[in-house]
Amino acid sequence: MDRRVVVRTRSLSKDYHLGDTVVHALRGVTLDIHGAEFVAVMGASGSGKSTFVNILGCLDRPTRGSYELDGQDVSELTPNDRAVVRKTRIGFVFQGFNLLQRTTALENVEMPLHYARVPAKERRARATALLAAVGLADRAHHFPSQLSGGQQQRIAIARALVNKPTLILADEPTGNLDSRTSVEIIEILQRLSDEEGMTIVLITHEEDIARFAQRQVLFRDGRIKADRPVDRRASAAEVLRALPPEDEEEQA
Amino acid sequence: MIDLSTLQMALRALARNKMRSGLTMLGIIIGVAAVIVMVAIGEGAKYAVQNQIASMGSNLLVVFPGTTTQGGVRHGWGSMSTMTIDDVEAIARECPAVRMSAPGVRSVAQAVSQSQNWSTSLQGTTPEYFEIRNWPFRSGESFGYGDVAAMANVCVLGATAADKLFGSEDPVGLVVRIKNLPFRVAGVLEPKGQSVMGSDQDDTIVIPYTTLQRKVLGISHLNMIFVSAVSQSDTAVASEQVTSLLRQRHRIQLYQEDDFSIRNLSDVASTAAATSSVMTLLLASIAGVSLLVGGIGVMNIMLVSVTERTREIGIRMAVGALAREIMGQFLVESVVLALLGGSIGILVGIGGARAISAMAKWPTLISPASIALAFAFSAAVGIFFGLYPARKASQLDPIDSLRYE
């Protein structure tokens, strides 16, 4: 494993003010995530894991404490500078896929490159290559509404990768998928981690999914309750092979 | 910031909802078309008035004799008989702002041709008259200076008089009897239509003033003097010069009033032109209101669009779109809507103006300036009414937007 520290948080806290009451969503989270690590962040709803991920993704900023991404302190940045960090270093994968409707798969993958000022020709080349990498080369000109959930999520992964980020944040990426498709998506993430050395933070509340990660971090009441390596890490590829062959249901 | 791909993105976004984009554009189309048509009608009316002004004569001033008072009874303008042909010649010779001048003697007479008779006005003058009044000949030609000197019995017929006396026949060379004197017809004038005052300028017979003065009326004074200034802007100067010259020639003392009056017909005309300008402005501002309403339609739709696309905005922000890029995108969309609507509106407006011209016989005039103005105005509408929705979009919170259902 790469010893470079990609994520370093120190006493990270976040308070929300709801009228007169203050909600302490995070109460001092200190965590290091190294390069090429595949970490599952777990916890019940209200445990603070969503707040934590929003801060990791530079969508939000902490009330107290510090957050360094790739050696740069990003906890005090302006909204504009945070947008630049998201554009250059972070790739998001969401539970609801969050693809642009009535926009082709290829254009969806290209979209972040538009904001990165990448020329049209290179945009097309990179997006096409990534679609091929997630196995959807033949679906480039389909709209999301014409594709299955698994296919849509693979497009979302391609979109997350297109800006060559240092960190992938996958927020319940399998929440809307059946179990077989879930494993297929996890298999892609595992491959990214193992073969490409991508740092991945996977947010999930399912034990079944978390067992594919290398390390599990459990949140409760805004604090880290447990932080443990996964002893017998499951291989998504092997699980897939063990499953009965699929009857082309995705093509329907 | 607004590069080609932003434009492509905006076009794609608009194309995704064709029906709505079309209806939004319709507001702008109607607004711009209304502006174009209304301005065309207004400008057309102004052009018609200007034509009428030109038809009166080039930079025309008319000098009338003053009033006389007999035993406390004040006669109207024109009752004095102090104006003579010498005044006419002196005006042309001594006033630098005057291009030419012509005498005028008026009367009314029953004219008789071989088959018809017709009561019409008689105008005695010199050949300069036709030039001062910008009055071309339909056939034949003017009588000459020799005819004036010789008190010849020649006449030029106005179009109405010619038609009433001779019908469709060309009267040049034929004879008209006026007050029992035979007059040879030398020419027929082009029709001029109604004067600014509404009388038929073509219902007239023009003969040498000498003939009218001596042979018909037995007088030696003039009823009016036609003066043509060097240019439109010189009419006021010409009027002053004629005034001081005539006062001097008529030996009028400082404390005495003029024994003549000068009417500057271009004043009447410029009043008419100003009226039609006001009408143009009025029509254009009514049309402008409909363009404004169209603009509010754009704003309305953009606001709906921002709400509806909250999630899209969240996604774009998550992948690193800056607030100003989101703002730029929505602004470009509204400007594209407005400009596209504006362009179609210009075409519809031009077509509409032509149709009105053809059907209602109204003169319309489409100026490039009004097209440029309509185009610029619709761009301004797009920016102005797009700004608020675009700003609203750019200020959305990415976390909330991503969760928006």
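**Figure 1. B:Lys179 sits in the loop between strand 8 (175-178) and strand 9 (181-189) of chain B.** The model shown here and in the other views is predicted. Most residues other than glycine have a negative phi. B:Lys179 is a residue other than glycine, yet its phi is positive, near 50°. Its relative accessible area is 46%, so B:Lys179 counts as partly exposed.

**Figure 2. A:Ser11 has a positive phi within strand 1 of chain A.** The phi value of A:Ser11 is near 45°. Again, this is a residue other than glycine. A:Ser11 has a relative accessible area of 43% and is therefore partly exposed.

**Figure 3. Four strands of chain A form an open sheet.** The strand order is 2-1-4-5, and the pairing is antiparallel. Strands of a sheet pair through backbone hydrogen bonds. Which strands stand at the edges? They are strand 2 (21-34) and strand 5 (72-73) of chain A. Each has a single partner strand, so one side of each lacks a neighbour in the sheet. Strand 5 of chain A is joined to strand 4 (residues 64-69) of chain A by two bridges, and the two strands run antiparallel. Opposite A:Asp73 of strand 5 stands A:Glu68. Helix 1 (residues 49-56) of chain A packs on the sheet. This helix touches strand 1 (5-18), strand 2 and strand 4 of chain A. The direction of helix 1 makes about 120° with that of strand 1 of chain A.

**Figure 4. Helix 3 (residues 105-115) of chain A is mostly covered.** How many of its residues are buried? The count is 11 of 11. Among the buried residues are the charged-named pair A:Glu107 and A:Glu110. A:Asn108, A:His114 and A:Tyr115 are also included. So are A:Leu106, A:Val109, A:Met111 and A:Leu113. The cover comes from both chains. From chain A, it includes helix 2 (79-89), helix 4 (120-133) and helix 5. From chain B, it includes helix 1 (4-16), helix 10 (310-318) and helix 11 (323-360). A:Arg117 follows helix 3 of chain A and has a positive phi, near 60°.

**Figure 5. Helix 5 (residues 149-161) and helix 6 (residues 179-196) of chain A cross at roughly 20°.** Their axes come within 10 Å. The crossing angle makes helix 5 of chain A roughly parallel to helix 6 of chain A. The crossing is right-handed. Helix 5 of chain A brings A:Gly150, A:Gln153, A:Arg154, A:Ile157 and A:Leu161 to the contact. Helix 6 of chain A brings A:Thr181, A:Ile185, A:Ile188, A:Leu189 and A:Leu192. By class, the residues of this contact are six nonpolar, three polar and one charged.

**Figure 6. A:Gln153 lies in helix 5 of chain A.** Is A:Gln153 buried or exposed? Its relative accessibility is 0%, so A:Gln153 counts as buried. Neighbours within four places in sequence are left aside in the contacts that follow. A:Gln153 is in contact with A:Val93, A:Phe94, A:Gln95 and A:Phe97. A:Pro173, A:Leu177 and A:Ile185 are also in contact with A:Gln153. Of these, A:Ile185 is also part of the contact that helix 6 of chain A makes with helix 5 of chain A.

**Figure 7. Helix 3 (residues 85-94) and helix 8 (residues 235-249) of chain B cross at roughly 135°.** The two axes come within 10 Å. With that angle, helix 3 of chain B is oblique to helix 8 of chain B. The crossing is right-handed. B:Asp86, B:Asp87, B:Ala90, B:Ile91 and B:Glu94 make the contact from helix 3 of chain B. B:Val242, B:Leu245, B:Leu246 and B:Arg249 make it from helix 8 of chain B. Five of the contact residues are nonpolar, none is polar and four are charged.

**Figure 8. B:Ala284 of helix 9 (residues 265-308) of chain B lies 5.7 Å from B:Val39, C-alpha to C-alpha.** In sequence, B:Ala284 and B:Val39 are 245 residues apart. Leaving aside neighbours within four places in sequence, B:Ala284 is in contact with B:Val35, B:Met38 and B:Val39. B:Ala284 is partly exposed, with a relative accessible area of 21%.

Key
Residues are numbered from 1 along each chain as its sequence is written. Chains are lettered from A and ligands numbered from 1 in the order in which they are written. This is a predicted model: local features need pLDDT of at least 70, side-chain atom pairs count only at pLDDT 80 or more; totals for chains, interfaces and linings use all residues. Side-chain values use heavy atoms; hydrogens and water are left out. Axes are lines fitted to C-alpha atoms, for helices over the stretch in contact, and angles run from 0 to 180 degrees between N-to-C directions. Angles under 35 degrees count as roughly parallel, over 145 as roughly antiparallel, 65 to 115 as roughly perpendicular and the rest as oblique. A crossing is left-handed if the near helix is turned anticlockwise from the far one by less than a right angle, and right-handed if clockwise. Contact means heavy atoms within 4.5 Å. Two strands pair if DSSP finds at least two bridges between them. Buried means under 20% relative accessible area, exposed over 50%, partly exposed in between (1.4 Å probe, protein chains only).
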